[in-house]
Each structure stands twice: as structure tokens, then as C-alpha cells.
Amino acid sequence: MPKERLQKIIARAGITSRRKAEAYITEGRVRVDGKVMSELGAQADLSTQVVEIDGYGRVEPEEGVYILLHKPPHVVCTVSDPERRTTVIDLLQNSRAQGSRNYEGMLPRVYPVGRLDYDTQGAILLTNDGELSQKLLHPRHHVPKVYMAKVQGHPEESELKKLRDGVYVGDPKRPGHGFRTKASGVRVAKRGPNNTWIEITLAEGRNHQVKRMCEAIGHRTSRLIRIEFAGLDVNDLPPGGWRFLTKAEVAALRQW
Ligand code: URA
């Protein structure tokens with residue numbers, strides 16, 4: 001493991017922010033192999049050296065953190081938003097994890113695995129495990145994502161078949177940059193007087209894919225909920241609620 005600056009090591013271990021870690025260092029509270037390091041440029045290699053903080057103890061290497069969040073609508077799937085809208089990270093910071101009332105630690109930096117649109121609700125994973133995240137997003141692994149789309153009107157069976165078999169979707173922002181969707185699972189879940197809820201299972205995840213697919217068969221999407229991602233559902237989480245994945249769930253994700 002290469003050497004890294006102490007403040008980075010401390011922040012990444014989820015102990016405190018980088019700025020506060022810098023204060024710990026300049027206050028002389030941080031030791032490497034027993035020696036106080038009060039210079040901000042000081043580095044260490046956590047795999048071969050012992051880093052300790054007064055009042056905290058030994059800094060352990062960062063552990064994988066895996067979170068399932070029920071994203072409500074009107075929340076952005078980014079770490080920070082220039083428009084200052086609520087982000088998925090804000091939701092983690094402003095509420096406690098379900099079933100983990102005693103979790104007192106600061107969360108290490110986590111990132112959403114892929115994105116849901118601002119107005120889309122549903123299951124989103126967040127992790128600091130970049131390798132697993134990339135794996136889950138790679139089209140080669142066909143990780144299933146299940147959506148409920150409320151579309152205007154009543155799609156005909158022939159239109160639903162188009163969705164199932166693959167349909168060409170255009171890119172309104174880049175004419176000529178459309179693509180043909182792969183085969184998808186499609187079934188009607190509920191018909192209302194003026195609209196239809198369709199369950200769509202995708203093994204790929206292109207930008208605004210569900211909305212674009214429904215648009216391609218002539219039906220605008222008025223609501224979109226991702227009910228499942230990689231076999232994980234948010235049935236037990238209220239919108240805005242989140243929980244840590246169990247070890248078994250993380251192991252199952254690695255199998256994809
Ligand atoms: N497809 C969409 O159109 N939007 C999402 O948020 C996810 C999938």
C-alpha cells in the first residue's frame with residue numbers, strides 16, 4: 001500500500017473530516033509508530049505502520065461500507081449539487097440507519113452506484129467499494145433493475161412486445177446518438193382509468209432508459225419507482241430511509 005497523507009488516512013477511515021484531521025495533526029494528537037507527527041505533510045502506510053490518535057486509539061484501514069437507500073423523489077444522486085438540492089448523501093447524514101440505532105461512527109465517504117433521475121424514487125446502493133460498484137454497473141454482468149413506471153394511457157400488447165424485444169430510443173440532446181435496448185422483462189401491473197403501471201426489468205442501465213423506452217412507444221412516464229436493484233428491494237424502508245447491507249447481501253452482490 002503506498003504512503004498517504006495522515007489527514008487522508010484518518011478521514012478515509014471514517015474518523016472525522018479531513019479538515020478536523022489536520023487540526024488533530026497540528027495539535028500533536030497523531031502518532032506514527034509511536035512518534036508524534038505534527039506536520040501536515042506527514043505520511044504513513046497503514047499496511048505496515050501504526051497510526052494512533054489521542055483520545056481515539058489506533059486507526060484501522062477503511063472497511064467496506066454498503067448502504068441501501070430508499071431514494072425519495074426530488075433528491076439528486078450526486079455527492080454535492082451546485083444547485084444546492086438535497087443529495088442522497090444529505091439523506092444519510094440527516095437520518096440514522098434503520099436497525100442500527102447504536103451506530104455512532106462517522107460514515108466514510110460513499111458514492112451512489114449509478115444514478116436515479118431527480119424525480120425517480122426507489123432502491124439505490126451507496127458504497128466506498130469502487131471495485132464492486134464498477135462491477136455492478138458493468139453491462140457484462142447483467143445486474144437486474146426492476147422498475148414500476150406509471151405511463152399515460154394504455155399501451156397495446158404490440159407496443160409492450162416492442163419494449164420486450166428491444167426498441168430504438170433516440171437521444172433528444174444528441175440527434176443520431178440513439179441506441180436499441182436489449183430484451184427486457186415487461187408486464188402490466190395495474191390499469192387505471194387514464195394510465196397504466198408497467199413493471200420493467202432491465203439488465204442494462206442507460207441514461208433515462210425507462211422513460212425513453214416508454215416515450216419510444218408513445219407513452220409518457222409520469223412516475224417512476226425502482227423497486228429492486230441487484231435483488232435488493234426497499235419494501236421495508238420508508239422513502240428517505242436507509243440501512244447497512246448484511247454480510248450475506250454483500251457476498252451475494254459479489255456473485256454477479
Ligand atoms: N430510467 C429512467 O428513465 N430514469 C431513472 O431514474 C432510472 C431508469
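Which domains does the domain assignment of the protein chain give?

## Domain organisation

In this predicted model, the assignment divides the protein chain into domain 1 (4–58), domain 2 (66–140 + 232–254) and domain 3 (144–229). Domain 2 is thus written as two segments, 66–140 and 232–254. Taken over C-alpha atoms, the centres of domain 1 and domain 2 are 28 Å apart.

## Location of the ligand

The ligand occupies the second largest pocket. Its shell receives residues from both domain 2 and domain 3, so the ligand lies between these two domains.

## Composition of the shell

The residues around the ligand are Leu 116, Asp 117, Thr 120, Tyr 147, His 208, Gln 209, Val 210, Lys 211 and Leu 224. By class, the shell comprises four nonpolar, three polar and two charged residues. Helix H6 (residues 209–216) supplies the largest share of the shell, with three residues.

## Polar contacts and burial

Two contacts involve oxygen atoms of the ligand. In one, a ligand oxygen lies 2.9 Å from an N or O atom in the side chain of Thr 120. In the other, a backbone N or O atom of His 208 is 3.2 Å from an oxygen atom of the ligand. A nitrogen atom of the ligand is placed 3.4 Å from a polar backbone atom of Gln 209. On its own, the ligand has 230 Å² of accessible area, and the protein covers 96% of that area.

Methods:
Residues are numbered from 1 along each chain as its sequence is written. This is a predicted model: local features need pLDDT of at least 70, side-chain atom pairs count only at pLDDT 80 or more; totals for chains, interfaces and linings use all residues. Side-chain values use heavy atoms; hydrogens and water are left out. A residue is near a molecule or strand if one of its heavy atoms lies within 4 Å of it. A polar contact is a pair of N or O atoms within 3.5 Å; within protein, one must be able to donate a hydrogen and the other to accept it, and residues adjacent in sequence count only if both atoms are side-chain atoms. Accessible areas come from the Shrake-Rupley method with a 1.4 Å probe; for residues, only the protein chains shown count as cover. On a 1 Å grid over the protein atoms alone, a cavity is a set of points where a 1.4 Å probe fits but cannot get out, and a pocket is an open set with protein on both sides within 12 Å along at least five of seven lines; lining residues have an atom within 4 Å of a point. A molecule sits in a cavity or pocket if more than half of its atoms lie within 2 Å of its grid points. Helices (H or I, at least four residues) and strands (E, at least two) are DSSP runs, numbered from the N terminus. Ala, Val, Leu, Ile, Met, Phe, Trp, Tyr, Cys and Pro count as nonpolar, Asp, Glu, Lys and Arg as charged, and the others, Gly among them, as polar. Domain bounds come from an automatic or database domain assignment.
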